[in-house]
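Here's a quick briefing to read with the model open beside you. It goes topic by topic, so feel free to jump around.

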Amino acid sequence: MLEGDLNSDNLGLSDEHLSTALAEVEVVIHSAASIELEADVQNTLSSNYLGTRRLLMLASRMQRLRCFLHVSTAYVNVNLPRGSSVEERIYPLKLGEQLINHAEIVEDLLSLGPEDANCRVRRTAMHMGGSAGSADCMSKRAGSPCWSL
C-alpha cells in the first residue's frame, strides 16, 4: 500500500516508490477526498477533481494495472430525484437539462478569486433550487454569470 498527496505531482511519491508503483501496481483503490461540506470550492476542486485526475494520469502509466476502483462520496448525483436508483456508470454533468463541460467549470472556478468562486457556486446552487446561496452574495454579484444556462 502506498500513501500519496493528491495535491502534489506524482502524488508526492519518492522516486523509488514512484518507480515501484509504475512497475508493480495491479490494483488502485482511490477513496481519498475532501468531504468538508463548507470548504472553499477551490480547495475541494484541487484535492477531489485535480487530485483524482493526477492519480488517473499516474495510473495510466502503470504497466501492470488491472483495476482502478474509485470510491466516491454519498453526494454524487444528489441532483437526481429522491428515491432514484444510481447505476454504476458515469453520468453526464447537467445544469437543469443542459449538458455542462466539467473541465470548463473547473478552469473557470480556479481562475477566480476564492470569494468569487464560492459565490459562483452558491449562485448556481440557488439556480438549481438549492439553498446554498446567500442574499449578500446574490446582491453583490447580481451581474456575475453562472455558467451558460
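**Quick look at the chain**

N10 sits in the segment before α1, and L11 is found in that segment before α1 too. Keep in mind that this is a predicted model. The chain has 149 residues, with 25% of them counting as buried. Its secondary structure adds up to 5 helices and 4 strands.

**Overall layout**

- Reading from the N terminus, the elements go α-β-α-β-β-β-α-α-α.
- Take the contacts between residues at least 6 apart in sequence: 62% of them link residues at least 24 apart.
- About 10,500 Å² of the chain is exposed, and 52% of that comes from carbon and sulfur atoms.

**The segment before α1**

- N10 has a phi near 50°, which is a positive value in a residue other than glycine.
- L11 has a positive phi as well, near 60°, and again the residue is not glycine.
- How accessible is N10, and is N10 buried, exposed or partly exposed? The relative accessible area of N10 is 32%, so N10 is partly exposed.
- L11 comes out at 10% relative accessibility, so L11 counts as buried, the cut-off for buried being under 20%.
- L11 also belongs to the largest nonpolar core, and L11 is one of the residues touched by L55.

**Strands β1 and β2**

- Strand β1 covers residues 27-30 and has two faces: V28 and H30 are on the covered one, while V27 and I29 are on the uncovered one.
- β1 and strand β2 (residues 67-70) run parallel and are joined by 4 bridges.
- Which residue of β2 is the bridge partner of I29? That would be L69.
- To get from β1 to β2, the chain passes through helix α2 (residues 41-59), and this β-α-β crossover is right-handed.

**The nonpolar cores**

- As a bit of background, nonpolar side chains tend to be buried together in soluble globular proteins.
- The largest nonpolar core here has 12 residues: L6, L11, L13, L18, A21, L22, V25, V28, L55, L58, A59 and M62.
- Helices α1 (15-24) and α2 each contribute at least two residues to this core.
- L55, a member of that core, touches L11, V28, H30 and F68 once residues up to four places away in sequence are set aside.
- V28 ties two topics together: V28 is on the covered face of β1 and is also part of the largest core.
- There is a second, separate core of 8 residues, and L95, I100, I105 and V106 are among them.

**L65, in the loop before β2**

- Look for L65 in the loop between α2 and β2.
- L65 has a relative accessible area of 28%, so L65 is partly exposed.
- Not counting residues up to four places away in sequence, L65 touches V25, E26, V27, V28 and A59.
- L65 and V28 are 37 residues apart in sequence, and their C-alpha atoms are 7.7 Å apart in space.
- Among the residues touched by L65, V25, V28 and A59 are members of the largest core.

**Helix α3 and S111**

- S111 lies in helix α3, which takes in residues 102-111.
- Is S111 buried or exposed? S111 is exposed, because its relative accessible area is 56% and the cut-off for exposed is over 50%.
- A polar atom of the S111 side chain is 2.7 Å from the backbone oxygen of D108.
- S111 and Q42 are 69 residues apart along the chain, with their C-alpha atoms separated by 9.4 Å.

**Helix α4 and V121**

- V121 has its place in helix α4 (residues 114-127).
- With 30% relative accessibility, V121 counts as partly exposed.
- Which residues are in contact with V121, leaving aside its neighbours within four places in sequence? They are V41 and L109.
- C-alpha to C-alpha, V121 and D40 are 9.9 Å apart in space, against 81 residues apart in sequence.

Methods
Residues numbered from 1 in each chain as written. Predicted model: local features only at pLDDT ≥ 70, side-chain atom pairs only at ≥ 80, totals over all residues. Heavy atoms only, no water. Buried < 20%, exposed > 50% of the residue type's maximum accessible area, 1.4 Å probe, protein only. Contact = heavy atoms within 4.5 Å. Areas by Shrake-Rupley, 256 points an atom, 1.4 Å probe, with all protein chains shown as cover. Pairing = 2+ DSSP bridges. Right-handed = clockwise from strand over helix to strand, strands pointing away. Core = buried A, V, L, I, M, F, W, Y, C linked by side-chain atoms within 4.5 Å. Polar contact = N/O pair within 3.5 Å; in protein donor to acceptor, adjacent residues only side chain to side chain.
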